[in-house]
Structure formats: C-alpha cells, structure tokens
Amino acid sequence: MQNFGSRVSSYGLDNHGLSNVNAAYWSLSAPQLYAESLNRGEGMLAQGGALVTLTGSHTGRSPNDRFVVEEDSTKDEIWWGNVNVAISEENFERLLDKMLGHLRGRDVFVQDCYAGADEKYRLPVRVVTEEAWHSLFARNMFIQPDPKELPGFKPAWTVLQAPSLEADAAKDGTTSGTFIVVNMAKQMVLVGGSGYAGEIKKSIFSVMNYLLPARGVLPMHCSANIGPEGNSAIFFGLSGTGKTTLSADSSRTLIGDDEHGWGPDGIFNFEDGCYAKTINLTRETEPEIFETTRTFGSIIENVVMDPDTRELDFFDTTLTENGRVSYSIEQIPNASLSGIGGHPTNIMMLTCDAFGVLPPISQLTPDQAMYHFLSGYTAKVAGTERGLKEPQATFSTCFGAPFMPRHPTVYAKLLGEKMAKHGAKCWLVNTGWSGGGFGVGERMEIKHTRAMVNAALDGRLAEASFTADGNFGVLVPDACPDVPDDVLNPRNTWTDKDAYDAQAKDLRRLFEENFQQFESAVDDKVKAAAIRAAA
C-alpha cells in the first residue's frame, strides 16, 4: 500500500481491516481533492469554481436502507421500529467483509476530522471513501484538526463508504443493494450502493444523537445563530422548512445550519460546513448561500449545468428537486469561527404547512413546545415525490426522526429541562401556505416570515398582545412590525372560511392520531397541551 499526503496518521488503515488497498490519500487539501476528482472524471467545474457532481440514482437519503446492528451492549437503548431497523451482527460482518474486499486493491481517500465544536464532547471520526469528491465533502462538513494533530490522530468512529459496492439483499439482510449500517459496539458505519454524500454526515449525526444524551447534552436537528447582543437562537425544522435560509441572516452570526448540541455551557455546532438545498436559489432571496455556489471549494450535487457556459440552473428539476451545495461555513461572511454560542433565548420550530391552516407565527407554552417537538409536523407537497398528487402531512418526531437512535421522549425530556432552566421562549413558525392550501393559496412571503422571526428574536414580539388560536390553542400575536395584520390570522386569509374550518379540523385529527404513540410516555401537562380547539 502506498500512502500519499503529508498528514498520514500513525493509526493506520490496517486497524480497520484495510491492509491491501492500492493507494491511500490522507487528509488531502481542497485543491488536491479537486485535482484528483477532476482527473478521475468524478465532476466538472462550474462558473465561479465550484465542483459539480452527480450522485446517480440516489439523489437523497435512503431511509429504507438504513440499519442499526442489534447487539447486546446497546439493544435495550435503541428505539427499534421503522426508523431504527435491526440488522444482525452476522449480516454486519458479512457486509464488512464485502466492503474490505471491495476496497482491496483500490485507491481510497482518508479524512481524519472531528464532529463537535465543543472539545469536551468532540468525536474523532475517520471517513474512508473510494472517490475524491466524497472526501472533499467530509472535509467541508466536519471540523478539521490542527495539522499537528494528524500524525497521531486516532479515530473513535470510522465511516467506510463505497458507492459502487452493492449488497445482496437475499443474503445480507438488506432491503436492496443499498445499505447504511451503524454498529454502535464496533463504532463503525458502512455506506454502500449510494453516492449521495448526505449519508456520510447524517450517519455521524445519528451516532452523536446516541452518545450525547447520556452525558446531559441534547443533540438537535436544527440551525443556530447569534444576535448582535449575544442572544443565541435555534431553528428546528425538517428539510425544506427554512432552517438554512432563516438562520443565514446577515444581521446575525451563523453558528451552523443543521446539527447542534445543547450542553451545560450552551450550544455548539457538530459540523464546520453547510449542506443547503439549491432549488429555486437566487442571489436576491438568499444572497449568502447563492454566493457559495460560485466559490472554489464548494460541491454542487445534482444541479443541471450548461455544458458550454458552465452556468448552473437552480430552477431545472430534471435531475431532482433535492439539489444541494456543500460548503465550508467560512464561506458565510458572518459565520462563527468557534461554532459555539450561549444558551438560546429563543427556539423556532419551523413547519411548512401545505394545508395553509397553521398561523404564520405563534408562541408556545413549555408544554406545547414539548408537544410540537414530539410531533415534528410538516407537509410534503405535490411533485416532491413520485405519485404524490396532493399535500401529505408528515410527522417526524424531534424534527429529525430518521437520525434519532433513542426513544423520542429522551430528547423531549432534555429539551423541556433546558428550556425551564434557561428560560428560552419557543415559537411555532409556519413557512408554508397562506390563503388556502397548496394549489389554492400561496407560499408565505419570505419577507414576512423574516420580519416575524426577527421581531421574535429581538424581543419586540414578546411585548405584543396575543389571542389563542381557535383550532390549535397556540398564542397568535395580534400585530407584528412590518407584517400586515390580516396575515397573522390564517383564517382571515382564506376566502372560503368553511373550507378553512374543515381543513383545520382535519389537521387537528392528524395531530391527535400521531400523538397517540407518545401519550403513555409523557406527563399530564404535555397531554393537556395536545392539539384541540381553544376553550
């Protein structure tokens, strides 16, 4: 085996069973990885210098192909079910042998890095990939060690990733040729059959979500930023609800856009990069993110590019609606270099309500916050998935169920405790539809959403008078600076008030049915905060 690069670790690949690879490229820089990727035909350069790549048939995560190894030391702590699907130790060993055999004789790229900006909770991670651009992705997304640390770097967790390797579902206990397998005992992740880079970062996020609660840290699927006065805010939300957009505010300092921990000293980023959706991206609506798509070091995934001008078309969804840009957080002018902030004073729970019935912003009591955190509601709209003809309610507990190995109430309890201790206010923000559901109403104007969020963050909204919503019981402000009053009450925006009432009743029913799974695990106060018409 030949080692290339000036940052080879003394803790070699043979410790992972990789002893016969052709060449190992260790912790290469972005320019080096660009050169390797272009030389190997993995990508093309776009106008401005970003690296454009395609991920094949997998343009998003494969939740049905994700598994957790069932073994004695952790099996009683895992929330088994549709999210955490068990796979046997025997099948894991079979897949590991296949992975090691597949990489034998091939070139591999190694990135030694960290997850977690707070050194007390930092996780040393090694990512081994068969393509250079995936190594650049890991370099973008995770925290880079000081070069002096790399010769002695010893990972606590290892990710082995090979998109060109497929499982045999009949023999390996998988559902298809694609597999993402997390082994808590062996501290290893295997990713095969998918080139979608997000599987790498989300696997380590799942690991952090398992490890940190036992240490009193709440892991969160959220973005975070800091205001001019030093007041931190976190933004929970599923994909497409606005986490990245709303946290990338030029008037505030960005901590991170996706994964954070809330510990005894405050909040901290798990990553050192961002992974933003690019659909309909423009310089006018999201200037900070748009600029990253024209910058050397960024990776553009699955976006149509003119072969002659090398200009990107973010409105063309021929390849997917889930086009992405991966970039170092340093590319955001107002980004935090430390990745650390104080305890949040405001919590934003973002939902994209395609039915158009939730208020655009409302204040939640602590018990309502627990309820909505466990519910994790948003809605998919027609066109985002094959065969989807009308809006579909989606409930993803903790606003990140696919990445939560433990029971949701573990995370909800931590949230409640930290909110109570630090006095954080919680707001439910609907970034979805107004004046009717999808196909009838219109998407909430981003300028209005930003105005409402800013008023909440700087304390102006807390001084407003509030009215309990007649359908959901949440507290809706009667007025908000820079927002028309009639926008604040969703029923007022509908021409057909009877249709609004019927749709609201139906959404309440969906909330109630979903929450039945948690009723036996929460206290009476949270149960009392359940969705129902205000008294």
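Hi everyone, let me start with a strand pair: β18, residues 299–301, and β21, residues 324–328, run antiparallel to each other over 3 bridges. Across that pairing, I299 sits opposite S326 of β21. Pairing here requires at least two bridges found by DSSP between the two strands. Helices and strands are DSSP runs, numbered from the N terminus: H or I over at least four residues for a helix, E over at least two for a strand.

Before I go on, this is a predicted model, where local features need pLDDT of at least 70, side-chain atom pairs count only at pLDDT 80 or more, and totals for chains, interfaces and linings use all residues. Residues are numbered from 1 along each chain as its sequence is written, and side-chain values use heavy atoms, leaving out hydrogens and water.

Back to the sheet. It is open, with 5 strands in the order β3-β4-β18-β21-β17 and mixed pairing. At its edges are β3 (44–45) and β17 (273–277), each paired on one side only. Helix α3, residues 132–141, packs on this sheet and touches β4 (51–53), β17, β18 and β21. Contact, by the way, means heavy atoms within 4.5 Å. The direction of α3 makes about 115° with that of β18; axes are lines fitted to C-alpha atoms, for helices over the stretch in contact, and angles run from 0 to 180 degrees between N-to-C directions.

Now to α10. This helix has 12 residues and spans 16 Å from first C-alpha to last, close to the 16 Å expected at 1.5 Å a residue. The expected span is 1.5 Å times one less than the number of residues. Which residues of α10 are buried? They are H448, T449, A451, M452, V453, A455, A456 and L457. Buried means under 20% relative accessible area, exposed over 50%, and partly exposed in between, with a 1.4 Å probe and protein chains only. The partners of those buried residues are β13 (232–236), α6 (243–247), β23 (344–351), β24 (361–364), β27 (425–430) and α11 (485–488). After α10 comes G459, with a positive phi near 95°.

The loop from α10 (446–457) to β30 (466–468) holds S465. S465 counts as partly exposed because its relative accessibility is 47%. Leaving aside residues up to four places away in sequence, S465 touches V476, P477 and D478. With D478 there is also a side-chain polar contact of 2.6 Å, meaning a pair of N or O atoms within 3.5 Å, where within protein one must be able to donate a hydrogen and the other to accept it, and sequence neighbours count only if both atoms are side-chain atoms.

What about positive phi outside glycine? S27 has a phi near 45°, and lies in the loop between β2 (23–26) and α1 (30–39). S27 is buried, at 3% relative accessible area. Q187 has a phi near 55° and lies between β10 (179–183) and β11 (188–192); at 33% relative accessibility, Q187 counts as partly exposed.

Last topic, cysteines. How many disulfides does the structure hold? The count is 0, with a disulfide taken as two cysteine sulfur atoms within 2.5 Å. Why is C222 unbonded? Its closest cysteine sulfur, in C426, is 12 Å away, so too far for a bond. Likewise, the sulfur of C274 has its closest cysteine sulfur in C222, at 12 Å, again too far. C222 is buried at 0% relative accessibility, and C274 is buried at 0% too.

Thanks for listening!
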